[in-house]
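Please look through the structure below before reading on, and keep the sequence at hand. The report then goes through the model part by part.

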Amino acid sequence: MVSDALVDLSRLQFAATAMYHFLFVPLTLGMTWILVIMESVYVMTGKTVYRDMTQFWGKLFGINFALGVTTGITLEFQFGTNWAYYSHYVGDVFGAPLAIEGLMAFFLESTFIGLFFFGWDRLSRVQHLVVTVLMAIGTNLSALWILVANGWMQNPVGAEFSFVTMRMEMTDFWAVLFNHDAQAKFVHTVSAGYVTGAVFVLALSSWYLLRGRDIAFAKRSFRIAAAFGFASACSVIVLGDESGYSVSEAQKTKLAAMEASWETEAAPAGLNLVAGINEKEMRNDWEVKIPWVLGIIGTRSVDRQLPGIKELRVHNAGRIASGVEAVRALETLRRDPADAAARERFEAHKADLGFGLLLKKYVASMDEVTPALIERAAADTIPAVAPMFWSFRIMVALGFMFFALFGLAFWHSLRNTFQDRRWLLRWAFWSLPTPWIASELGWFVAEYGRQPWTIYGVLPTHLSVSTLTVESLYGSIAGFVGFYTILLVAELYLMVKFARQGPGSLGTGRYAGEPSHA
Amino acid sequence: MTGRDLRLRNELVALVVLKIGVLVLLWLVFVHGARVPVDAAAAARHAVAEPSLSPTGAPHGL
């Protein structure tokens, strides 16, 4: 028995665990490359302070990794427990990148993370640096496979539906791997992780500088974070633009909702900077618009139109009507696979099968479908506009804030004046939570904006869930939230504890707070 | 390569072999014999033959 409550609670549970998980991931992604840079300088110069930097920031990285590493596994379990029909329908495609990610994470990434922490006294400098580089590569490759899987959910290429097995079957692995959406998401997501790592090091280094402690250590850390962060902030903006272009090609409803574009404008469309969104009347009460910008960003041209929400609804209603034919033909084929007429009808309409399945939320049989129900299902194909519009804008605004922060930090690093710019140090410190906010909002836009689909245009969310009881979901949500909150509290406690101790926590006798430190 | 390096190398090789061995053992014990047929009929019942929600959103059918 599938109810609205079951669908909503299953979504809530997955969203909550995914968002918890992604509190840990971006810092892991970013810190690995910062550790590579610090250790490279140590290997090249032989200066002990760079070894201390690698070990101290590596310790904070280790705390984050150890607490975060278990949080993603529950997501994979949920595909089986809460999303069994999803797993059946698309497991043939979705399972491959997830399996490869598991191998990458458990064999490549975790092996080298172990060597990173326990190999300091057993490996030569160069060997240890190679381990650190391989750890960074392993971490990023894990992200690649997850994002290949997620990119396929956004733009399902390289697969075809089989009415015999009732599932999507992979036809072209390389199309899945090199899916433009997946690649754009991968580079944008890892860049956002690099920004997170850089903000983390910059913020804590600024705190040490503001307190006038461990100056040499903090100044070097600040410089590396500023340079790496500036390159990452530039990347995240450019690659975010690429990700947006990808959305405009494959997920027009998501783009229209993100931009609150109700009407189809003459090309090139203007960009709503801010707007008073009136979802009920499907219009903006007021808007501040920059001419041409959305059309140029979204289509890379000045003459291609971007469809508005109203046009997309009409278009999707047509696809739903076609999808009704696909579902009817499929039902016939399930009874008699040799029925040539049904086969021909199915082939003609199967591209719209997913749209026909949207109606299964409302009716048992396609014979019960009415024009009003088709309109209602077409309205479902547009995600709520206001949350998309504002989440996207806050994320973009934070992206430009990172560009400004790191630009100034890098500039003052080059001039060696950042230590005297207390406003810059304070700004850097108080920016500490912002990359996590931006990342979570980015995922919200990506996933909420894909609704009502789990696989865009192929499988509706309401058909993806397992037939569990609502009571069991309340229990598991409470369990997950409780468990993850404990992990988060432990993370924050350990992070704050060791960040306060600073490099003195290494026990070298060279830093503030240590007994032998002069 | 020093004696310490050689020892580390041998330990790492032994660990990797052990990991692969354990993995193969787990596969043999828990996975090898398990053949789960794809249940197309259940998916068909879920997706194309029965409704999941009534027009008001209340549980209906299935």
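What follows is a description of this predicted model, from its confidence values to single residues.

**Confidence and chain B**

For the complex as a whole, the predictor reports a pTM of 0.90 and an ipTM of 0.71. Chain B has an average pLDDT of 64, and 45% of its residues reach a score of at least 70. Within chain B, residues 50–62 keep a pLDDT under 50 throughout, although the model still gives this stretch 31 contacts beyond four places in sequence. Where pLDDT is low, the predicted coordinates should not be read in detail. With that caution in mind, chain B can be described as having two helices and zero strands, and 8% of its 62 residues count as buried.

**The nonpolar core**

The largest nonpolar core of the model holds 151 residues, and among those with the most contacts inside it are Ile34(A), Trp57(A), Ala198(A) and Phe406(A). This core takes at least three residues from domain 1 (4–89 + 180–251 + 384–506) of chain A, and at least three from domain 2 (309–380) of chain A. Which residues does Ala198(A) contact, once its neighbours within four places in sequence are left aside? They are Gly30(A), Ile34(A), Ala225(A), Phe228(A), Gly229(A), Ser232(A) and Phe406(A).

**A residue on the outside**

Ala397(A) belongs to helix α15 of chain A, which covers residues 385–414. Is Ala397(A) buried or exposed? Ala397(A) has 11 other C-beta atoms within 10 Å, and because a residue with 12 or fewer counts as exposed, Ala397(A) is exposed. Its C-alpha atom lies 8.9 Å from that of Ala438(A), a residue 41 places away in sequence.

**A hairpin in chain A**

Strand β3 (residues 271–278) and strand β4 (residues 283–290) of chain A pair in the antiparallel sense, with seven bridges between them. In this pairing, Leu271(A) stands opposite Ile290(A) in β4(A). The two strands β3(A) and β4(A) form a hairpin with four residues between them, and Met282(A) in the turn has a positive phi of about 55°. Met282(A) has 16 other C-beta atoms within 10 Å, so Met282(A) is partly exposed.

**Less common backbone angles**

Most residues other than glycine have a negative phi, and most peptide bonds are trans. The table gathers places in chain A that depart from this pattern, with the angle and the loop for each.

| Place | Angle | Loop in chain A |
|---|---|---|
| Ala267(A) to Pro268(A), cis peptide bond | omega near -10° | Pro268(A): between α9 (252–258) and β3 |
| Gln451(A) to Pro452(A), cis peptide bond | omega near 15° | Pro452(A): between α17 (434–448) and β5 (453–455) |
| Asp214(A), positive phi | phi near 45° | between α7 (180–210) and α8 (215–250) |
| Met282(A), positive phi | phi near 55° | between β3 and β4 |

Why does Asp214(A) count as buried? Asp214(A) has 23 C-beta neighbours inside 10 Å, and because 20 or more are needed for a residue to be buried, Asp214(A) meets that condition. Asp214(A) thus joins a positive phi, in a residue other than glycine, with a buried place, while Met282(A), whose phi is also positive, is partly exposed.

Technical notes. Residues are numbered from 1 along each chain as its sequence is written. Chains are lettered from A and ligands numbered from 1 in the order in which they are written. This is a predicted model: local features need pLDDT of at least 70, side-chain atom pairs count only at pLDDT 80 or more; totals for chains, interfaces and linings use all residues. pLDDT is the predictor's confidence in each residue, from 0 to 100. Two residues are in contact if their C-beta atoms, placed from the backbone, lie within 7 Å. Two strands pair if DSSP finds at least two bridges between them. A nonpolar core is a set of buried Ala, Val, Leu, Ile, Met, Phe, Trp, Tyr and Cys residues joined through C-beta atoms within 7 Å. Domain bounds come from an automatic or database domain assignment.
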